[in-house]
Amino acid sequence: MTVSVDLMRARLRIHEERHTEFENRAKANGGSLPRSDWWRFEYVANPYLLGCPDDRLAIRFHDVFTNQTELIREALIGILPVDDGNHFIRKFTHLLEEYAVRGGLPNLNDIPRTNVDYFADGGPIAKRIFADYVAPPPLSSQVR
């Protein structure tokens, strides 16, 4: 699947309009924007997914979404903390911005991928992984 030059130009115009919007909002707020808006602003300044075909973008969306999740001690699926070391949430925000131009998110059930049976062999994988885990004491109690 290829993306036509005309379609890329149309998407680029929308990204340029969004860039101007973020620029104006930042100026109006003394150079400040919420972190997720900075990530969106960063993306529209360099929309590197602009020419990506929809099927590939959907796979990228799935991969970033999957990498943004983790299995937590309670045997649940959670998301990684939103902090400066978490680059997946930033990439996920870039994907959301690209999908805003394309008119919607992919159906995760339609994306080809390998599935993991978290409940195989008698229970959630995370529960078995953390079965014998003992959390270390807080650093404040270790340093004297």
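Let's start with Q68. Is Q68 buried or exposed? Its relative accessibility is 5%, so Q68 counts as buried, since the cut-off is under 20%. Keep in mind that this is a predicted model.

Where does Q68 sit? It lies in the loop between α3 and β1, and β1 runs 69-71. So we have a buried residue in a loop. What does Q68 touch? Leave aside its neighbours within four places in sequence. Then Q68 is in contact with G78, I79, L80, N86, F88 and I89. Look at I89 in that list. A polar atom of the Q68 side chain lies 3.2 Å from the backbone nitrogen of I89.

Next, helix α3. Does the geometry add up? Let's check the span. The helix has 14 residues, and at 1.5 Å a residue it should span 20 Å. The step count is one less than the number of residues, which is why the product comes out there. The end C-alpha atoms of α3 are 20 Å apart, so the model agrees with the expected span.

Which residues of α3 are buried? They are L57, A58, F61, H62 and V64. What covers them? The cover includes α4.

Take L57 from that set. The largest nonpolar core has 18 residues, and L57 and L95 touch the most other members. Which elements give two or more residues to this core? They are α1 (5-28), α2 (35-45), α3 (54-67) and α4 (87-102). Beyond four places in sequence, L57 contacts L49, C52, L95, E98, Y99 and R102. So L57 and L95, the two residues named for the core, are in contact.

Now the rings. How many aromatic pairs are there? The count comes to seven. One of them joins F61 and F65, and this pair is stacked: 6.3 Å centre to centre, with 10 degrees between the planes. Why are these two about one helical turn apart? Because they are four residues apart in helix α3. Their surroundings are not alike. F61 is buried, with a relative accessible area of 4%. F65 is partly exposed, at 36%.

F61 also pairs with Y99. This pair is edge-to-face: 5.6 Å centre to centre, 85 degrees between the planes. The pair links distant parts of the chain, with F61 in α3 and Y99 in α4, 38 residues apart. Y99 is buried too, with a relative accessible area of 8%. Put the ring pairs together, and F61, F65, F92 and Y99 are linked into a cluster.

Last stop: R102, in helix α4. What does the R102 side chain reach at 3.4 Å? It reaches the backbone oxygen of L50. There is also a polar contact of 2.6 Å between the side chains of R102 and D54. Not counting residues up to four places away in sequence, R102 touches R11, L49, L50, C52, P53, D54 and L57. Notice L57 in that list. That brings us back to the core, where L57 is one of the two residues touching the most other members.

Notes
Residues numbered from 1 in each chain as written. Predicted model: local features only at pLDDT ≥ 70, side-chain atom pairs only at ≥ 80, totals over all residues. Heavy atoms only, no water. Core = buried A, V, L, I, M, F, W, Y, C linked by side-chain atoms within 4.5 Å. Buried < 20%, exposed > 50% of the residue type's maximum accessible area, 1.4 Å probe, protein only. Contact = heavy atoms within 4.5 Å. Polar contact = N/O pair within 3.5 Å; in protein donor to acceptor, adjacent residues only side chain to side chain. Phe/Tyr/Trp six-rings, centres within 6.5 Å; stacked < 30°, edge-to-face > 60°.
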